[in-house]
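Let's look at how the nonpolar side chains and the aromatic rings are arranged here. Have the sequence and the coordinates open while you read.

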Amino acid sequence: MYELNSFHFGPASEKRVYIQASLHADEVPGMLVAQFLRRRLIALEAEAKLRAEIVLVPAANPIGLAQAVHGAPFGRFDLRTGINFNRAYKHVAAELKTMLTGQLGSDAAANVRIVRRHARAALADWRPADDSETLKKTLLGLAIDADIVLDLHCDNEAALHIYSGTPLAGAIAPLAALMQSHATLLTTASGGEPFDEACSRLWWELARHFGDRYPIPAACIAATIELRGERDVSEALAETDADAILRYLALNGALALDENQAIPQPLCAATALEAVQPLLAPHAGILLYRRQLGERVEAGDVIAELIDPVSGQATPLRTEVAGVFFARSGYRHVLRGMNIGKVAGRDAFREGKLLSL
């Protein structure tokens, strides 16, 4: 048996915020950020400063947290099925296109309420086949009717970066500035059905399907926030990140803060997820990085060198695109074909499944 805990703050309200951490279980930075969020939300609730219901799930994957391989925690994939815990969420848009026939009207706010009611009904019909699907249904049930959904993750080694939907670019821009994101990566569909898209993508797909007949806004601002790397676990970083998230919620009317600070200048412009170049190791070897995370690079720049431990031959690994070097491997010996880094480029050139496994 597994136990999932959610903490609910603020008044019961049509305006809802959902925040979860550690969907990949052993990605710890988000869990620590959640502790600072919980403390602040308790205080803000006591001061009657919450204007929306805020749901916080500080450890979203009890199944993954119970997994270990040779003594090391392993929470990215379900060891029984091999499926990524942040993939294969139910995408209800196809069902809603039928369910909503004859239900919508000219009032956008009323349409939002109708869509949410039917989305909950479609989700209720999901019959999970195993514990992992039961977890996914439970998490999605907490989030699918929220106005804001923030999914806190981290990469192996990385600068802070954010994934979200292209139609949400304007809504996400203040979050990216507050979090000081080094890469803000947008797409309409990344492939694989990750959690954040299960909450947000249905809105623009329904809007496209119904066209000009009915107004359907992008009523869920959903984002995956990658809180740097797995080892970036510190109270200073967590407190800063929690403060940025709360300031974003205040901007969106979910709570009131005493301080009135200006939004900092963004570190980057949003770019297409389709413009990200994964860098792959051409052979096994010792990995030496030549560029720092967060650095801007030009096409042809050497990002790393790969040294064959037997022959001593060094192979330079170059980026083919100009952009920001925002993520890299935590391993220093890699095998052929392993992803050793990512550069957020400016021009889209990829399609299909855009996320790593």
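What follows covers the nonpolar cores, then the ring pairs, then the charges over rings.

## Nonpolar cores

Keep in mind that this is a predicted model. Its largest nonpolar core has 40 residues, and the members touching the most others are I19, I162, L175, M179, I225, I245 and L249. Several elements give two or more residues to this core, including strands β2 (16-21) and β10 (221-229) and helices α1 (29-46) and α6 (169-179). Helix α8 supplies the largest share, 7 residues.

Take I19 as a way in: leaving out residues up to four places away in sequence, I19 touches L37, V55, L56, V57, L150, L152, I245 and L249. Apart from this core there is another one of 39 residues, with V55, I63, L104 and W126 among them.

## Aromatic pairs

How many aromatic pairs does the structure hold? There are 5. In one of them, Y89 and F195 meet edge-to-face, 5.3 Å centre to centre with 80° between the planes. Y89 sits in the loop between β5 (72-73) and α3 (93-99), while F195 belongs to helix α7 (195-210), so the pair links parts of the chain 106 residues apart. Both Y89 and F195 are buried, and ring pairs join them with Y18 in a cluster.

F210 and Y214 also pair edge-to-face, at 5.8 Å centre to centre and 65° between the planes. F210 counts as buried because its relative accessibility is 4%, whereas Y214, at 23%, counts as partly exposed.

## Charges over rings

R38 lies over the face of F7, 4.6 Å from the ring centre. The charged end of R328 sits over the ring of Y289, at 4.6 Å from its centre.

Conventions. Residues are numbered from 1 along each chain as its sequence is written. This is a predicted model: local features need pLDDT of at least 70, side-chain atom pairs count only at pLDDT 80 or more; totals for chains, interfaces and linings use all residues. Side-chain values use heavy atoms; hydrogens and water are left out. A nonpolar core is a set of buried Ala, Val, Leu, Ile, Met, Phe, Trp, Tyr and Cys residues joined through side-chain atoms within 4.5 Å. Buried means under 20% relative accessible area, exposed over 50%, partly exposed in between (1.4 Å probe, protein chains only). Helices (H or I, at least four residues) and strands (E, at least two) are DSSP runs, numbered from the N terminus. Contact means heavy atoms within 4.5 Å. Rings of Phe, Tyr and Trp (its six-membered ring) pair if their centres lie within 6.5 Å; planes under 30 degrees apart count as stacked, over 60 as edge-to-face and the rest as tilted. A charge sits over a ring if NZ of Lys or CZ of Arg is within 6 Å of the ring centre and within 35 degrees of the ring normal.
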